[in-house]
Amino acid sequence: MDARRSIVTRASLVEDNGSPITSSTPDAGARIGEVKRVTKETNVAVRINLDGLGIADSSTGIPFLDHMLDQLASHGLFDVHVRATGDIHNDDHHTNEDVALAIGSALLQGLGDRKGINRFGDFSAPLDEALIHVSLDLSGRPHLSYDLHIPTERVGTYDTQLVEHFFQSLVNTSGMTLHIRQLAGKNSHHIIEATFKAFARALRQATEYDPRRHGTVPRFETFSVYKDCMNNYIFGFFKWDCIENVPSFYVILKRGFVTHLIPSLRQKCDDCNHKLFSLIKAVLLQ
């Protein structure tokens with residue numbers, strides 16, 4: 001049995017154990033997220049390999065959603081395996097939402113410590129007359145800015161209001177900042193499909209490794225305050241120097257003195273030095 005077939009077979013095993021949400025530990029070194037979410041309305045199992053081959057294997061009971069998850073796999077080059085059952089005899093709302101929540105959780109798990117990734121992704125995808133721009137940041141701060149104008153209430157049996165709800169749910173559990181903008185488009189199917197394609201491509205950019213980062217976590221400056229034994233307040237902006245592989249720390253003391261703290265500046269008090277460097281380490285690892 002080849003690797004692709006074995007992956008699909010593993011992903012299709014769904015058991016109803018009555019737990020609200022569970023996750024399994026992926027193989028060492030693999031960026032795989034595997035999540036199960038069980039509620040009164042739904043039973044969802046998701047497995048995503050961020051370093052996959054674009055294998056799509058989704059069955060949610062919502063044909064149009066399956067079609068969109070196929071776009072996520074093929075254009076993101078992720079292996080996406082989803083099994084879901086839900087109260088679609090009422091409507092698609094709960095299943096759509098819980099699939100997205102589980103996918104977001106699986107992405108978060110698969111990313112791990114995020115060391116060495118690009119973090120940001122940006123892509124514009126055309127589909128005939130439709131053009132959609134997606135920009136995202138794997139920041140750990142959930143935010144959705146959504147600006148699609150879908151002209152019809154349904155595509156097939158799928159309620160087009162659920163597109164925004166899908167991405168909001170995914171953002172909430174993955175902790176990403178996501179901006180979606182419609183630049184052109186009149187056909188509802190084209191608008192939604194271009195959105196998923198652009199999202200997949202942007203997410204692929206963000207999750208891929210940047211060799212110049214040398215395995216460090218990409219981040220902007222982080223503000224912190226430190227007080228030494230002489231009651232001097234140090235206001236600091238931390239930033240990791242990926243080239244030198246050391247932290248940079250620009251500080252403003254109480255009297256307005258500005259300096260580059262590491263490695264040039266040292267406090268006279270050894271205890272203060274120890275506390276200060278412990279603080280820097282804690283901030284950089286948060």
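## Exercises on a predicted model

Asn43 is part of strand S3, which covers residues 42–49. The model is predicted. Work through each task, then check the solution.

### Exercise 1: Asn43 and its surroundings

Task: Decide whether Asn43 is buried or exposed, and find the side chain with which its own side chain makes a polar contact.

Solution.
- Step 1. Place the residue. Asn43 sits in S3.
- Step 2. Take its relative accessibility, which is 12%. Buried means under 20%. Asn43 therefore counts as buried.
- Step 3. Look at the side chain. The side chains of Asn43 and Lys36 make a polar contact of 3.3 Å.
- Step 4. Look further along the sequence. Gly86 is 43 residues away from Asn43, yet their C-alpha atoms are 6.4 Å apart.

### Exercise 2: Gly86

Task: Find the strand that holds Gly86, and name the residues in contact with Gly86 once neighbours within four places in sequence are left aside.

Solution.
- Step 1. Gly86 belongs to strand S5. That strand spans residues 79–86.
- Step 2. Set aside neighbours within four places in sequence. Gly86 then contacts Glu41, Thr42 and Thr95.
- Step 3. Check Glu41 by distance. Gly86 and Glu41 are 45 residues apart in sequence, and their C-alpha atoms lie 5.5 Å from each other.
- Step 4. Classify Gly86. Its relative accessibility is 30%, so Gly86 counts as partly exposed.

### Exercise 3: From S4 to S5

Task: State in which sense S4 and S5 pair, and give the hand of the crossover between them.

Solution.
- Step 1. Find the strands. S4 holds residues 56–59, and S5 holds residues 79–86.
- Step 2. Four bridges pair S4 with S5, in the parallel sense.
- Step 3. Pick one pair to look at. Asp57 faces His81 in S5.
- Step 4. Follow the chain. It leaves S4, passes through helix H2 (residues 63–76) and enters S5. This β-α-β crossover is left-handed.

### Exercise 4: Helix H2

Task: Compare the span of H2 with the expected span, and list the buried residues of H2.

Solution.
- Step 1. Count the residues. H2 has 14.
- Step 2. Compare the spans. From first C-alpha to last, H2 reaches 20 Å, close to the 20 Å expected at 1.5 Å a residue.
- Step 3. List the buried residues. They are Phe64, Leu65, Asp66, Met68, Leu69, Gln71, Leu72, Ala73 and Gly76.
- Step 4. Recall a rule for reading such a list. An α-helix has 3.6 residues a turn, so residues three or four places apart point the same way.
- Step 5. Go past the end of H2. Leu77 follows, with a positive phi near 55°.

### Exercise 5: S6, S7 and S11

Task: Say how many bridges join S6 to S7, and how many join S7 to S11.

Solution.
- Step 1. Take S6 (residues 120–127) and S7 (residues 130–137). They run antiparallel, joined by eight bridges.
- Step 2. Find a pair between them. Asp122 has Ser135 in S7 as its bridge partner.
- Step 3. Look at the turn. The S6 and S7 hairpin has two residues between the strands. Asp128 lies in this loop. Asp128 is not a glycine, but its phi is positive, about 55°. Its relative accessibility is 64%, so Asp128 counts as exposed.
- Step 4. Move on to S11. S7 and S11 are also antiparallel, with seven bridges. His133 has Arg181 in S11 as its bridge partner.

### Exercise 6: Thr177 and Arg114

Task: Decide whether Thr177 and Arg114 are buried or exposed.

Solution.
- Step 1. Thr177 lies in S11, residues 177–184. At 16% relative accessibility, Thr177 is under the 20% limit, so this residue counts as buried.
- Step 2. Check its partners. The side chains of Thr177 and Ser139 share a polar contact of 3.2 Å. Beyond four places in sequence, the contacts of Thr177 include Asp137, Arg141 and His143.
- Step 3. Arg114 is in the loop between helix H3 (93–111) and S6. With 14% relative accessibility, Arg114 counts as buried.
- Step 4. Check its backbone. Arg114 has a positive phi of about 65°, though it is not a glycine.

### Exercise 7: The whole protein

Task: Give the number of helices and strands, and the percentage of residues that count as buried.

Solution.
- Step 1. The protein has six helices and 15 strands.
- Step 2. It has 286 residues, and 47% of them count as buried.
- Step 3. Turn to the surface. The accessible surface is about 14,500 Å², and 53% of it belongs to carbon and sulfur atoms.

Note on methods:
Residues are numbered from 1 along each chain as its sequence is written. This is a predicted model: local features need pLDDT of at least 70, side-chain atom pairs count only at pLDDT 80 or more; totals for chains, interfaces and linings use all residues. Side-chain values use heavy atoms; hydrogens and water are left out. Buried means under 20% relative accessible area, exposed over 50%, partly exposed in between (1.4 Å probe, protein chains only). A polar contact is a pair of N or O atoms within 3.5 Å; within protein, one must be able to donate a hydrogen and the other to accept it, and residues adjacent in sequence count only if both atoms are side-chain atoms. Contact means heavy atoms within 4.5 Å. Two strands pair if DSSP finds at least two bridges between them. A crossover is right-handed if, with the strands pointing away from the viewer, the path from the first strand over the helix to the second runs clockwise. Accessible areas come from the Shrake-Rupley method with a 1.4 Å probe; for residues, only the protein chains shown count as cover. The expected span of a helix is 1.5 Å times one less than its number of residues.
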